[in-house]
Structures are given as structure tokens and as C-alpha cells.
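Some questions on this structure follow, each with a short answer. The sequence and coordinates come first.

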There are 2 protein chains.
Amino acid sequence: MSPFKKPSLTAKEKLRPISGFPELLPEERRVEVDWIDQIRTIFESYGFTSIEPRIVEPIDVLLKQGDTDKEIYTLGRLLDTPNSDKEPTFGLHYDLTIPMARYVAANMGKLDFPFKRYQIQKAWRGERPQDGRFREFMQCDIDVVDTREVPLHFDVEIPAIMNQALASINAGPVFTKINNRKILEGYYSGLDMGNTSEAIRLIDKVDKIGFDGVADLLKAELELNNKTIDKIFQLTQIHGSGQQVVDQIQNLGVHSELLDQGLTELTFVMQELEHIDKQAFAVDLSIARGLAYYTGTVYETRFAEYPAYPSICGGGRYDNLVGDFVSKRLPGIGISIGLSRIFTKLLKEKRINTDKKSPTEILVIHSRGAPYRLVNKTAQTLRQRGFNVEQYHEDRKLNAQLKYAEGKGIPWIWFPPVNVDGEHQVKNSVSREQQPADPATWMPGKGK
Amino acid sequence: MSPFKKPSLTAKEKLRPISGFPELLPEERRVEVDWIDQIRTIFESYGFTSIEPRIVEPIDVLLKQGDTDKEIYTLGRLLDTPNSDKEPTFGLHYDLTIPMARYVAANMGKLDFPFKRYQIQKAWRGERPQDGRFREFMQCDIDVVDTREVPLHFDVEIPAIMNQALASINAGPVFTKINNRKILEGYYSGLDMGNTSEAIRLIDKVDKIGFDGVADLLKAELELNNKTIDKIFQLTQIHGSGQQVVDQIQNLGVHSELLDQGLTELTFVMQELEHIDKQAFAVDLSIARGLAYYTGTVYETRFAEYPAYPSICGGGRYDNLVGDFVSKRLPGIGISIGLSRIFTKLLKEKRINTDKKSPTEILVIHSRGAPYRLVNKTAQTLRQRGFNVEQYHEDRKLNAQLKYAEGKGIPWIWFPPVNVDGEHQVKNSVSREQQPADPATWMPGKGK
């Protein structure tokens, strides 16, 4: 037996929910499964293929991207003595991007490029749970990675797919803010600032600590003067839908090659996205996406109706994430849909229909005296024709059987005859109409 | 930053596979996804509904079922100091049965009984990987749990569903051994043995240590004499298909009420299963299934062609697993399909077709000079009609585009015109026939 001292939870404690690890009831899970099917159908309609990497990575791989070490769950073995100073080697992935990057790098010679994968999988973060933020959550990602330049085509296609996916699950109106990190870096370098990525990190805190707080940090940490800081804040306040944004930036009178490149990219992306949905996309130069690996276009999507709720999709372009594993340039672009976050909110807002407690369409009644094999054969005949069918599992009072069908919301009740030559009947649970039917030919339309 | 000393893996080490955590290539994963779809369609056709419990449980819950503590992966946080004697509280589930039992107990008031769930999810065991045995693996389970007696109907339906699921993924001929623990326990109590469950545990070792080894253990630990041990071994050697087994057991001259009950149950189950597939099911009184929670019918399935390969499905009836959480009787029955185990073996035996590297059916060529939006519109029109379509992502030499289609095995190549009024053409990759087509009406049949 294990040297591990058992914590001896009470029966009640054993059944208690674990904070940050939400579980769905069957009727909710049915909707989630349906959503996942819708989303992957859309991903596949654009030629993305599924991968499902292992859930663990070496800690070294997970730490690669910086400021996330607090959140990493490590893996141990129960039999490892708790006081050993053996260090954790593996951790659970906290997103689907890092595992994808490692997977692509590890399988370079076996993949076709541009490699277009989707990944619908859970991720884990040991952070404090709060509204829309969990320790176990489901993400739906698409990414394109190439051994050569990834064309701007994908900067347009990827948010278009994301938009279509959100529409397919009736997520309601959403709003995607778009920026290009080349504009930020180009603008800052045009202002002759040294550490542009540190500046981006600090400016990204405006939402949290306000302009004054950020100004203090910029002065203290990067020794910037008021004039430069004003120029920076002017940039972050530019919003709009394409050419007008470009014009405003150019009016600020800052110049660099990188800035021009960023503006050209943003212009193309916004022009093409306008054809898809004029309302849903807008430039917002204040968003930068915390993660250091983004190098071009970045996206951030929120519910239009719940703008205070955390972002429900995010992503962007990264030049060096995958290639760093193999010391090669392997640029990529991708986006991640926060499925658990969307689900929880829409469930809370009562915008998800959870009427169906089971997939069953027909309940075949075990009529008193009917031979088991006749009931069984009836269910099997209907099942072979593509219906989801439960054969009631025992000879019991009709009322108990009907109550079972009602509890599960089963729409059709099938009455087999009590002898082989007798007549089958089918009843609609809602209209309560009942009529003769043949299990080999009956169709729902007829029985209504 | 973390106090954790980074292990500093080399680039090569970061990309190395982790033993026991297999990963599929995209063309393999496509088959796995397809298998899962087939299997859940069958599960749903019998009215089973999906649940997906969190992957972690309190250690106390996982330890409940005994001899598995060596295998449990525990969860820590990277920032927890490695030398703290804080004990692990949560572990990853090592099967799908325990989490289901805890989930049902925790949600008693919100579920409809008999509760019929399926669960297709990964599980984790920290044991030594070997042929067909992994540390991360995919299982497909169905279970029925009720607040009252679970009728024998399910002892028949559950292996029937399992058989149909295995057929749907072309697992080839399989062979299921069936036993009933009531027969074992009833027979042993008829022999006046005290500790019947300990006897079952020891006799289950015949495969590993042979009859002599087990005889020694039975003498040493349970103080049985040679005559009793002979009687025990006579039982284990009975095989067959129903009534003949019952006759043989009765000829052994041992009697108890529990034995009679076990024989009645087994007779019903075997009679009904004969109607489903005479060849696939047989009684084997030597199987007991290691886990202590089984109390009635037990199942164990192997590949008929690879009998030395570990079992690919297993399950049975349990009277007290769920109810133990709530001090109530909640009997259940279920079976588990070892998907990863099946997949790995059939892949190794080259019985899985991995030709398709992507879901794409049509590649829309970016013809030199064609307007981006015309290419885009063509792809979108075809996509809206239900095809999986890639729009080639840049204006590049035709050869490069065709090579891309070939690498991914894309069956149709679509050539949009270079101007809006021009003619579309479509080409079959295999026959190489090319002909005019309209994206709004074209069907694959016509183009052949």
C-alpha cells in the first residue's frame, strides 16, 4: 500500500464540486457536444485537420513563453514520497498553442505545409477561478504553420472562420478588435524607444491601471518623457474601420519601415473583412495581446451584449513560436475560441436550450405479456433505420414506462403488439395522437 | 518568477516523445475521430447520453477501489515549493467508471433513472508502458445505474452494443468471455470457504503464476485442502456456450442459493446473446475481472486473431460502486472499450487506412491573375453547398499548387476563371479528366 496518508474525506466532501472544474449536466453536455460538432464541421470545411497532442509537456516547453509559470499544474505519482526533492518534470498544458507548436516541430518531416490543424481539447490553469475563468476549460483552436512565409490570406480567413463558428453555435452578436503588433513596434521605434516589447507589455495594462498608472511606469522603467508618452497614448486611442485608422496614424507624423508594413497589412485585412461582416470587426490599437510571441495581426473577440465579460476568442500571428524548437523560421497564425467561457455565459443568461436530457427519439414500450424478443426486434428494426431508440428494460406498469419517457423528453412512444401477428402503434408525446405503424416503414412525419 | 529550478532540456529533448503518451499523426487522428463518431452514434442509438466529468478527483475517491494507488498521477502547482510536505489532494482519473460513479452520486437529484450515460474520454495511469498499455489512453464507456434493481435486460444489451461498436470500426473478429461472480462466490461458499473474495483474487492469478502457484497461495493464505482446491480448479476449467456450462457445474455437486442465482442469470444472458452472435460470446469461468466492485455478470473481450494481446473491452455488474458514495443501493452495469489499445494494434497490423491527410475535398486554385475575391467567392460557394474546400492561399506557380493537392490527397482541383465572366473548370486528381463546371450546381458524380 501507499506510504501516502489518506486525507479521509467525508462522504459529503467527496461529492463536493472542485472550484474551477465545472461539470455539465447531461442536458447541458448534449448542447456542448452539438456545439463541438458544429464548430469542427466548419473547421473541416476550410480544410483544417484534427490533432490531439498528449495533455502533458516537459515543464521546459511550457515555461518557454514566459509569464505563465504560476498557473502550471505539475504531474506527480502518488507513490513518490512527498518529501523527496525530486523536481516536477511534466506539466499539464495551459493552452493549445504551445503543444501544437511542439507537435509540429517534432513531426516536421511527416507533415504537409502549410500545416492547417484544428484542436478541440481541454487545457488547465492553476489560477484563481472567477467569472468566465476556470481551471479546466475547453478550447477550440485553428492554426496555420508554414516553412515559408504565411500569406496575408490567412489573416483574413482565420477571423472569418471564427466568426462563422460563433454564428453556428448562436453565440449572438460578437465584436472583434484587430491590431497589428508591427504598427505598435514600428511606431515606438519611430519614437526612438529602445525596448519596444517592454513598452507594449506596459501599455497593455491601461485597462487595469489607467493612463496615469501606465505613464508612471513608462517614466520609471523606460525613462520616457511626457512628449513621447503623449504620442504613445494618442496611438492607443485610435479606433475605426480601416482606411480612416491608417490616415489618423499617418497624421501623427511618426515614421518607420515596420510601421508602414504593419499599416499595409492592416489595410488589406480590414478591407477583406469588410466584405464578410462590416459590423463585427474594427481596428483597436489599444489591444496588444499579452503573450510575447505575437508579431503581426492580433485578434480579440467579445460578446457585443456583454462587453465587460472577458474576451471569448483571441489569437494572432507569430513568427518564431514553432521555429524556436528547431532553430528555423516557421511562421504561423491562429485563433482560439474559449468554448467553456462562452458556454457558461450563455447558460447563465438562459440562452441555451437544455430541454433534451437524452438522445432518445423513440421509447419502445415493454407491453405486458409481449415476448421480450418481439420488443427487442421492434427496437432493433427502428434503430437500424437510423432512429435513436430505447427498448424499455423491463415488464413494468405502463404508467412507470410513460413517466420515464416524459422525464427524458422522449418524443415518440412505440407500442409493439403482444403477439407476433398483432398491430404496432405509435404515439406522439406532445399531440398525444396514437395510430398504427410499421417499424419497417414508419416515418415521424406520418405519425404527427 | 518561479523558485523552481528549470531542468534546461536541450532542443532535441524538448521534442522527444514521452513514453506511454502516444500521439497520432494527422492521417491517423482522422481515423480515430471517425471511430469515435461511429461509436457514439451507436451509443446514442440505444439512448445513452454523453457526460464528461472533470479529469481530476480527490485522491480519496480514486483510492476507494483498492489496488490502484501505484498508478495514480497526482496534481501539484509549479509554484508549490518542492520540499513542502503538503500532501497531494487531487489525482487524474485512471478509468471512467469511478468518475461516473462520483458524478452520479453528486447529481442524484438532477438525473433520470435508470441513468444511461456514455463517456468517451482519456484516462491516465502512471504504470510502466508495454504492448497495448499506455499512460494516456482513450476509453469509450457505457454504463446504466439505477436507484432500484437493474434488470438483466442490460446484461444482454451492453455486450450487444459493445459488439456493434467494435464492428462499426472494423475491429475484426472479437471474442468475449462471460462469467458471473455470483457463480464463483456461490460455488466457493458452497465449498464452505470463508473469504470468497480473497479466493477470487487469488484464483484470478492462474494466467500469471499457473495452477501450482495458485494452489500454493490457497493453501498458505486460506488454509484450503487439496480436495477443495481440486474442486475450485474443476470450476475454472469449464468453458462453453450456455446450458452445457450450467450442466457441467451442476455435475460438480456443489450447492448454494447464490450459485443457483448466478446460473439462472448466466443462462438468460447466454441464451439472448446467442441470438446476436453465436460465435462471439462464450462462458469462461476462469475470468473474474480483478476489480473488487464487480458483483454479477463480468465481460472480457479480446481480438480473436491476437489472443495474446491484452483484453480490448471489459466490464460487468456492480451493486455497490455508486451507492457507496451516498450510503444507498445504486446498482449498475457497464463496459469499457479500450480505444487506444485497439487503435495501436490495428495500426501496427496495417489494418487501418491512413491515406487521407486532411478533410479537404476540393482545392480551389489561385489562377495567376484571377482576382482574390473571385477565388474566394468560388471557394465559399462550394463550401456553402457542404463541400470541404481549401482556397489556395496565394498566387503561386500552378505546379506548387498541384503538388500541395497531391501531398494532401485532395481529390478535386477547381480552376476559377481569371475574370468574372469566364468559365470554371474542375479536374479529378485520379482520372485527370478536366471539364467545365458551375460552382453553384456541380456534383462530384458529374465530373468523373
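**Helices and cysteines of the model**

L166(B) lies in helix α5 (residues 153-168) of chain B; helices are DSSP runs of H or I with at least four residues, strands of E with at least two, numbered from the N terminus. This is a predicted model, in which local features need pLDDT of at least 70, side-chain atom pairs count only at pLDDT 80 or more, and totals for chains, interfaces and linings use all residues. Residues are numbered from 1 along each chain as its sequence is written, chains are lettered from A and ligands numbered from 1 in the order in which they are written, and side-chain values use heavy atoms, without hydrogens and water.

Reader: Is L166(B) buried or exposed, and what is its relative accessible area?

Author: Buried means under 20% relative accessible area, exposed over 50%, and partly exposed in between (1.4 Å probe, protein chains only). Contacts of L166(B) (heavy atoms within 4.5 Å) beyond four places in sequence include I312(B) and C313(B). L166(B) is buried, at 1%.

Reader: Over what arc do the buried residues of α9(B) spread around the axis?

Author: In helix α9 (residues 226-236) of chain B, the buried residues are T228(B), I229(B), I232(B), F233(B), L235(B) and T236(B). They lie on the same side of α9(B), because the arc, taken from the directions from the helix axis to the C-beta atoms, is only 155°.

Reader: How many disulfides are there over all chains?

Author: A disulfide is a pair of cysteine sulfur atoms within 2.5 Å. The sulfur of C140(A) has its closest cysteine sulfur in C313(A), 9.0 Å away and too far for a bond. The count over all chains is 0.
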